[in-house]
Structures are given as C-alpha cells and as structure tokens.
Amino acid sequence: MLVLGIESSCDETSIALVEDGKKVYTNIIYTQIDIHTLYGGVVPEVASRMHVKKITYVLDQALKESGKTLDDIDLVAVTAHPGLIGSLMVGINCAKTISLVYNKPIVYVDHIHGHIYANYLESDFTFPLLALVVSGGHTELVLMKDHFDFEVIGETLDDAVGEAYDKIARVVNVGYPGGPIIDKMAACGNPSYPLPHALINKDGYDFSFSGIKSAVINLNHKYEQNHQQINKEDLACSFQTAVIDILTTKTLKAVKEFGIKQVVVAGGVAANKGLRMKMQDIAESNNFKLTVPSFKYCTDNAAMIAVAGYFQYIKSK
C-alpha cells in the first residue's frame with residue numbers, strides 16, 4: 001500500500017510517499033524556521049500563509065523525487081489535529097482535493113500518533129510498548145498493547161518540555177528554537193545550580209515543568225538585579241539535567257510496572273542528545289529495547305503521518 005502523507009500542523013510543510021509503513025520513497029520538508037526566528041517563535045498567521053504558498057511546490061517535488069504519480073497512491077493520510085488551525089486547514093484541503101479528484105481513501109491522523117509511528121521507520125514494534133512523547137506542545141507517557149491502541153498514563157499538568165526549553169532560551173537570550181541551543185550549551189556546562197524536580201517521586205506518571213521554568217527565570221533575574229553574570233552553560237546543564245532526570249525516572253517506573261518490552265521516544269525533543277544518551281543508558285541497564293527516530297524524523301514530517309495513516313487505515317478495516 002502506497003500512502004501519500006501530508007503534514008502542515010505548525011511551521012513545516014511536508015509531503016511524503018511511504019509504502020507499507022516502512023519504505024520511504026520521499027519525504028520533502030519545507031521549514032519556515034528562518035522566518036519565525038525573526039519573531040522569536042511561530043506566528044500562526046505567517047505560518048498558514050507560507051503553507052498556502054509552498055504546498056503545491058512541495059507536492060510537485062515529492063512526486064518528481066519518488067517517480068510516482070497521484071494515480072499510483074492507494075491512500076491519503078493527513079494531519080488533522082492538534083496544531084495551528086490555519087496551518088492544518090491547508091494540508092487538509094490539499095488532502096481532500098487529491099482524495100476527491102483521484103478517488104482515493106483518506107484518513108485523518110493525530111499528529112502525536114505520527115510522532116510515535118516515526119519510530120516504526122527505525123524498528124518494528126514489540127508490545128507492550130511505552131511511548132515517551134516529548135515536544136513543544138506535549139509531554140506524555142503512552143502505553144500501547146497493540147498497533148493503534150493508545151492509553152495515556154501520564155501527561156504534563158502545565159508546560160510541555162519543549163515549551164520550557166524555548167522559554168529558558170528566551171530568558172537567557174540565546175536564540176530560537178531553544179531546544180537545540182540549550183542542548184548544545186548543556187554539553188559544555190556543569191549542573192551547578194540546584195533546581196526543583198517536580199513530581200519526580202510522586203505516585204502516578206504525570207509531569208510538571210512550570211516550577212523548574214520559574215526557578216530558572218527567577219535565578220537569572222536575581223543575578224541581573226545583583227549585576228552579576230550567570231554562567232549560561234552551567235544554567236543550561238542544570239536545567240537539562242533536571243528535566244532528563246524527571247523524564248527518565250517516570251519512564252523507568254512505568255517500564256517496571258507494566259512489563260514494557262520496548263520504549264520509543266517521540267517528538268521534537270527526541271532529537272535532544274542528552275536525553276538520547278540517558279535513555280540508552282537506562283535501557284541497557286534495565287534490559288528493554290529502546291527506539292529513537294533518526295534526527296530527520298524527530299521534527300514534524302509527512303513520513304511519520306504516512307506510517308501512522310497506514311496502520312490507522314488497516315486497523316479500521
């Protein structure tokens with residue numbers, strides 16, 4: 001089954017062609033990051049306008065690179081939620097048009113399901129499986145006992161981890177997007193500033209990152225008021241160490257309780273090198289299979305939507 005995937009939930013316009021949830025013929029991504037960097041974050045109206053300008057060009061490039069035509073596809077899969085409504089509608093209208101004109105079935109895919117299934121491009125799934133979802137808008141632990149069987153057992157009570165990274169980067173004035181910058185800075189620093197580890201020893205699997213974000217902001221403000229220079233690399237390292245401790249402690253607890261055979265890390269923060277190394281360490285010491293997407297599949301992309309759409313369609317039959 002050849003699936004055409006379409007992703008336009010935020011600031012990437014992406015179209016992919018994937019066969020049977022595994023073979024990627026093409027995965028074209030047009031990113032708007034340079035545009036939104038000027039504003040220090042994604043501007044929804046600008047994002048949707050850029051999707052309108054670029055989506056037909058991205059589609060044309062995807063078809064040329066894959067050597068396929070729209071007659072060749074068997075299914076259209078498009079991100080339907082969550083995301084910026086204006087951006088989502090561009091992708092959805094494109095998918096609906098192709099479905100109608102070429103008489104192809106269409107599935108509407110949850111963006112988070114897409115991030116989870118990005119891992120299937122790296123490895124088959126072994127159940128029961130636990131997905132650690134870490135992105136700019138979401139932080140969740142999702143239990144899967146079979147394909148497209150999702151049970152959220154824990155989630156953030158306030159800020160998502162990726163949102164916290166971007167906020168810290170703005171506070172210490174190191175640029176946007178904050179995640180990659182803070183990750184790189186953390187590798188050069190020491191965890192010398194004590195920061196809170198909210199809910200780390202509490203029952204359940206929920207997360208909270210507003211406290212650690214506020215602690216960093218207050219610490220930075222205190223140094224500024226005293227006309228002192230804070231060590232930004234040490235601050236980044238302290239922040240990242242605390243965040244990773246929280247994420248891995250909750251994940252390992254769930255692994256043991258639910259008899260998990262495989263853990264997958266999903267979302268943009270899956271590209272964080274500190275998190276990837278720590279997860280690998282606990283996987284080896286606790287004897288479970290770890291899968292993390294290639295860097296090109298961590299950020300928003302249509303290949304992951306095509307894979308999720310493939311399994312969603314099969315499950316519906």
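Reader: What span should the 14 residues of helix H9 have at 1.5 Å a residue, and how far apart are its end C-alpha atoms?

Author: This is a predicted model. At 1.5 Å a residue, helix H9 (residues 273–286) should span 20 Å, and its end C-alpha atoms are 20 Å apart, so the two values agree.

Reader: Which residues of H9 are buried, and what do they pack against?

Author: The buried residues of H9 are Gly274, Leu275, Arg276, Met279, Ile282 and Ala283. They pack against strand S6 (129–134), helix H6 (178–186), H8, strand S9 (262–266), strand S10 (289–291) and helix H10 (295–298).

Reader: Why are H5 and H8 called roughly antiparallel?

Author: Helix H5 (residues 161–171) and helix H8 (residues 232–258) pack at an angle of about 175°, with their axes 12 Å apart. Angles over 145 degrees count as roughly antiparallel. H5 and H8 are therefore roughly antiparallel to each other. On the H5 side the contact is made by Val161, Ala164, Tyr165 and Ile168, and on the H8 side by Phe239, Gln240, Val243 and Leu247.

Reader: How many residues of the contact of H5 with H8 are nonpolar, polar and charged?

Author: Seven are nonpolar, one is polar and none is charged.

Reader: What makes S8 and S10 edge strands?

Author: S8 and S10 each pair on one side only. They belong to an open sheet of five strands in the order S8-S7-S6-S9-S10, with mixed pairing. The twist from one strand to the next averages 20°. H8 packs on this sheet, where it touches S6, S7, S8 and S9, and its direction makes about 165° with that of S6.

Reader: Which pairs of strands in this sheet run parallel or antiparallel?

Author: S6 and S9 run parallel and are joined by five bridges. Alanine 131 stands opposite valine 264 in S9. Strand S7 (residues 139–144) and strand S8 (residues 150–155) pair in the antiparallel sense, over five bridges. There, the bridge partner of methionine 144 is phenylalanine 150 in S8. S7 and S8 form a hairpin with five residues between them, and phenylalanine 148 in the turn has a positive phi of about 55°.

Reader: What is the strand order of the sheet that holds S1, and which strands are its edges?

Author: The order is S3-S2-S1-S4-S5, in an open sheet with mixed pairing. Its edge strands are strand S3 (23–31) and strand S5 (106–110), since each pairs on one side only. Neighbouring strands are turned by 20° against each other on average, direction ignored. Strand S2 (residues 12–19) and S3 pair in the antiparallel sense over eight bridges, and alanine 16 stands opposite asparagine 27 in S3.

Reader: Which strands does helix H3 lie across?

Author: Helix H3 (residues 85–102) lies across strand S1 (2–7), strand S4 (75–81) and S5, and runs at about 155° to S4.

Reader: Why does glycine 114 count as buried or exposed?

Author: Buried means under 20% relative accessible area. Glycine 114 has 0% relative accessibility, so it counts as buried. Glycine 114 lies in helix H4 (residues 111–117). Leaving out residues up to four places away in sequence, glycine 114 touches Val109, Met304, Ile305 and Ala308.

Reader: How far apart are glycine 114 and alanine 303 in sequence and in space?

Author: They are 189 residues apart in sequence and 8.4 Å apart in space, C-alpha to C-alpha.

Technical notes. Residues numbered from 1 in each chain as written. Predicted model: local features only at pLDDT ≥ 70, side-chain atom pairs only at ≥ 80, totals over all residues. Heavy atoms only, no water. Axes fitted to C-alpha atoms, helices over the stretch in contact; angles between N-to-C directions. Helix = DSSP H or I, 4+ residues; strand = E, 2+ residues; numbered from the N terminus. Parallel < 35°, antiparallel > 145°, perpendicular 65-115°, else oblique. Contact = heavy atoms within 4.5 Å. Nonpolar A, V, L, I, M, F, W, Y, C, P; charged D, E, K, R; others polar. Pairing = 2+ DSSP bridges. Expected span 1.5 Å × (residues − 1). Buried < 20%, exposed > 50% of the residue type's maximum accessible area, 1.4 Å probe, protein only.
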